[in-house]
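Work through the exercises below with the sequence and the 3D structure at hand. Try each task before you read its solution.

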Amino acid sequence: MPENASPNFTARFQGTTFDDMVEALTKGFGSFDAWRNGRDKPLDWKVGFWGDERLSLVSNQDSGGWGARTADGTPETLAIIVPRTGALDVAFGRTMAEATPGRLLMANNLEPERVSVRAAPHRSDTLSLSWAIIAQTVAAVLETPLTGALDLAPIVDRSTAAGQLIFGLAQTMIIGMRNGGPLLHSPIAISNLTQAFADLVVRLVPHRLSHLLDKKIHLIAPRHVRRAIEFMHANIAQPLTMQNVADAAGISIRALEVGFRAFKATTPSAYLRTIRLQAVREDLRDPSNRQPLRDICLKWGFFHFGRFAAIYRAAYGENPSDTRRRSDL
């Protein structure tokens, strides 16, 4: 089968009017605004979708010539668009990205100003991966919480080594999910594949924090930074000040700040907060730990619960209660 070929999918909805197509796509993507010149002109479309809030697939086929933007309140995802025929233009402010059958398009679904499907036979598959998984992977791989936009490079060229690897895994997931495929009946397999895909994205697709990957590989922190980190880990549950940490490392607070910024791309206090957040997360993911959330927060040094929830959500893309709920499944 040619690389761009895509077997027929089972249409969950199909029709000929634009408004009906938008209504069908809303069931797969969530709420969005859409427009087309001549909305009453026959469109001849079909749509199929499968999956859940963590990973979903939407396959759609139509005659193109329409545009859309994500509406407020739509769940945040990483959208991976795999064009099969036709092309899409995606606007990020003044920057325009073109998705064609030889190029994947990836973006946080809330970031593009608009997506325009060109007027021609159009067929594409779109994987939507919960943004919480991306945020968690950033925190695990780069050892820093994801705050703000990740600014992923939107286009992945399938002719490159990275593009071939990413497309190959995306294609495996699509084939495994389309038409109610076997992947949907294996929660462990789908969890492993989504985590592997997120890891590839963080490591291989350029983004705002990519420089931290190079630092992790090439820079070895000096002894005083390593001593400070060891002291933090050994006393993570204690009420530490940065003066305590600097004294343990045998340096001034100023030298401590400079060392962490140079070799960890963060501040000492932010690093301590990150490892404490990780400790909270491990407790929440432990199904045998039935401590109330408030007690877990106090245990790891978080005394302002409203502020803690906001920090946790920014770091991992989900609420603490969501983490605990999954551990109970």
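## Exercise 1: A pocket and its lining

The second largest pocket of this predicted model has a volume of about 370 Å³.

Task: Find how many residues line the second largest pocket, which helix gives the most to the lining, and how the lining divides by class.

Solution: Begin with the count, which shows that the second largest pocket is lined by 17 residues, and that R273, R276, G301, F302 and F303 are the ones that lie nearest its centre. Next, look for the helices that take part: α9 (268–285) and α11 (305–316) each supply at least two residues of this lining, and α9 gives the most, with 4 residues. Finally, sort the lining by class, which gives 10 nonpolar, 4 polar and 3 charged residues.

## Exercise 2: A residue of helix α9

Task: Decide whether A270 is buried or exposed, and state what separation its C-alpha atom has from that of I190.

Solution: Start by placing the residue, since A270 is found in helix α9. Its relative accessible area is 17%, and a residue counts as buried when this value is under 20%, so A270 is buried. For the second part, take the C-alpha atoms of A270 and I190, which are 80 residues apart along the chain, and read off a separation of 33 Å.

## Exercise 3: The span and surroundings of helix α2

Task: Check what span helix α2 (residues 131–142) should have at 1.5 Å a residue, and explain why α2 is described as largely enclosed.

Solution: The helix has 12 residues, and because the expected span is 1.5 Å times one less than the number of residues, α2 should span 16 Å, which agrees with its end C-alpha atoms being 16 Å apart. Turning to burial, 11 of the 12 residues of α2 are buried, so the helix is largely enclosed by the rest of the structure; among these buried residues are W131, I133, I134, V138 and L142. Just after α2, E143 takes a positive phi of about 55°.

## Exercise 4: The order of a sheet

Task: Give the strand order of the open sheet of 5 strands, and say which strands are its edge strands.

Solution: Following the pairing across the sheet gives the order β2-β5-β10-β7-β8, with antiparallel pairing. The edge strands are β2 (32–35) and β8 (95–99), each of which pairs on one side only, and the twist averages 20° from one strand to the next. To examine one pair in detail, take β7 (residues 88–92) and β8, which pair in the antiparallel sense over 5 bridges, with D89 standing opposite E98 in β8.

Technical notes: Residues numbered from 1 in each chain as written. Predicted model: local features only at pLDDT ≥ 70, side-chain atom pairs only at ≥ 80, totals over all residues. Heavy atoms only, no water. Buried < 20%, exposed > 50% of the residue type's maximum accessible area, 1.4 Å probe, protein only. 1 Å grid on protein atoms, 1.4 Å probe; cavity = no way out; pocket = protein on both sides within 12 Å on 5 of 7 lines; lining within 4 Å. Points joined across faces, edges and corners; volume = space filled by probe spheres on them. Nonpolar A, V, L, I, M, F, W, Y, C, P; charged D, E, K, R; others polar. Pairing = 2+ DSSP bridges. Axes fitted to C-alpha atoms, helices over the stretch in contact; angles between N-to-C directions.
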